[in-house]
Amino acid sequence: TDTIMVAHYNPQTGEAKLISLMRDMFVTVPEYGQQKLNSSFAYGGPELLRKTIKENFDLDLHYYAIIDFKGFEKAVDLLVPEGIEVDIPYEMSDGIGMTLEEGTQQLHGKELLGYVRFRQDRLSDFGRVERQQEVIGKLKEEAVGLHSVVKLPELLDIFNTYVDTNIETTTLLSVGKNILTNNNSKIETLRIPKNGTFENQRHETLGEGLEVDFYQNTETLKQFLEEQEEEEG
């Protein structure tokens, strides 16, 4: 749980949404009491994380995918062999096994993983979340096209090797094909907690974390996920 994201895809409209859940939120973990969100995975894997998200945000998830870092690198290099252009705000090196220089850079899989994992951000973990959403959005934009669709069998091989998921292969193939051929929409993103709905707190035993207004964030989640349905209605 280096990163926790919820993905929503509507096959009828081609609409894709991505929600980043801050891992340091103080939440109630079933049978374990107050903990940080990422602790739920450590205690009980994807099922306890699913229950924790349901308990705190009333968001019921049916599928999961645990993605290995190496799988991320290989998927990026397969889909966008020329790399992705990002604007690095300052030198990044601590904890990522490389040095990324300030300025506009064309990053490939390994470097891109370092870019999204860098922890010493001047915006703390919020900066990481922004970079992660930025990269996924650019990956989708750069990968769209028939040239990527023909790579789906190779992409599925990477998934089978580096991703632990309960999503059926046929579903992955169908969704992947739809996303890679739909160049009309961008991925909408949301971060939870949203601004103004949390405070930085220090817990006696859990350390630094985020004290969250669950009512406001649950309502924000519902609104974000229901927007398209309202527009269609």
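**Entry 1: threonine 28**

I began with threonine 28, which touches Gly33, Thr52, Glu55 and Asn56 when residues up to four places away in sequence are left out of the count. I was working on a predicted model, and I keep that in mind for every entry that follows. I placed threonine 28 in strand E3, which covers residues 26-29. Its relative accessibility is 39%, so I noted threonine 28 as partly exposed, between the limits of 20% and 50%. I also looked up a distant partner along the chain: threonine 220 is 192 residues away in sequence, and the two C-alpha atoms are separated by 19 Å.

**Entry 2: isoleucine 19**

Next I turned to strand E2, where isoleucine 19 is found. Is isoleucine 19 buried or exposed? I found it buried, with a relative accessible area of 1%. Leaving out residues up to four places away in sequence, I listed its contacts as Ile4, Met5, Val6, Leu190, Ile192, Leu221, Phe224 and Leu225. From isoleucine 19 to phenylalanine 126 I noted a C-alpha to C-alpha distance of 13 Å, with their positions 107 residues apart in sequence.

**Entry 3: backbone geometry**

I then went through the backbone, bearing in mind that most residues other than glycine have a negative phi, and that most peptide bonds are trans. Where is there a peptide bond that is cis? I found one from isoleucine 192 to proline 193, with omega near 5 degrees. Proline 193 is found in the loop that runs between strand E9 (188-192) and strand E10 (198-203). The isoleucine of this bond, Ile192, is also among the residues that isoleucine 19 touches.

Glutamate 31 has a positive phi of about 75 degrees, although it is not a glycine. I located glutamate 31 in the loop between E3 and strand E4 (33-36), and I noted it as exposed, with a relative accessible area of 82%. Aspartate 58, likewise not a glycine, has a positive phi of about 55 degrees. Aspartate 58 has its place in the loop between helix H1 (37-57) and strand E5 (65-67), and at 40% relative accessibility I entered it as partly exposed.

**Entry 4: helices H3 and H4**

For this pair I wanted the two usual descriptors, since two packed helices are described by the angle between their axes and the distance between the axes. The axes of helix H3 (residues 109-117) and helix H4 (residues 124-143) come within 8 Å, and I recorded a crossing at roughly 145 degrees. Which residues of the two helices meet? On the H3 side I listed Leu112, Tyr115, Val116 and Arg117, and on the H4 side Arg128, Arg131, Gln132, Glu134 and Val135. Sorted by class, this contact has four nonpolar, one polar and four charged residues.

**Entry 5: helix H6**

In helix H6 (residues 152-162) I found Leu152, Leu155, Leu156 and Ile158 buried. Seen down the axis of H6, these buried residues fall within an arc of 155 degrees, so they line one face of the helix. I checked the other side of H6 as well, and there Asp157, Asn160 and Thr161 are exposed.

**Entry 6: the cavity**

I then looked for enclosed space, and the structure holds one cavity of 30 Å³ or more. The largest cavity has a volume of about 60 Å³, and I wrote down its lining as Asp2, Thr3, Ile4, Ser20, Leu21, Met22, Arg23, Asp125, Arg128, Val129 and Gln132. The elements that give two or more residues to this lining are strand E2 (15-21) and H4, with the largest share, four residues, coming from H4. By class I noted four nonpolar, three polar and four charged residues in the lining of the largest cavity.

**Entry 7: the second largest pocket**

Last, I looked up the second largest pocket, which has a volume of about 240 Å³. Its lining is made up of Met22, Arg23, Asp24, Arg119, Ser124, Asp125, Phe126, Arg128, Asn200, Glu208, Gly209 and Leu210. Which element gives the most to this lining? I found that H4 does, with four residues; H4 and strand E11 (207-212) each supply at least two. The lining residues of this pocket divide into three nonpolar, three polar and six charged. Comparing the two lists, I saw that Met22, Arg23, Asp125 and Arg128 line the second largest pocket and also line the largest cavity.

How values were computed:
Residues are numbered from 1 along each chain as its sequence is written. This is a predicted model: local features need pLDDT of at least 70, side-chain atom pairs count only at pLDDT 80 or more; totals for chains, interfaces and linings use all residues. Side-chain values use heavy atoms; hydrogens and water are left out. Axes are lines fitted to C-alpha atoms, for helices over the stretch in contact, and angles run from 0 to 180 degrees between N-to-C directions. Contact means heavy atoms within 4.5 Å. Ala, Val, Leu, Ile, Met, Phe, Trp, Tyr, Cys and Pro count as nonpolar, Asp, Glu, Lys and Arg as charged, and the others, Gly among them, as polar. Buried means under 20% relative accessible area, exposed over 50%, partly exposed in between (1.4 Å probe, protein chains only). The arc is that of the directions from the helix axis to the C-beta atoms. On a 1 Å grid over the protein atoms alone, a cavity is a set of points where a 1.4 Å probe fits but cannot get out, and a pocket is an open set with protein on both sides within 12 Å along at least five of seven lines; lining residues have an atom within 4 Å of a point. Grid points are joined across faces, edges and corners, and a volume is the space filled by probe spheres set on the points.
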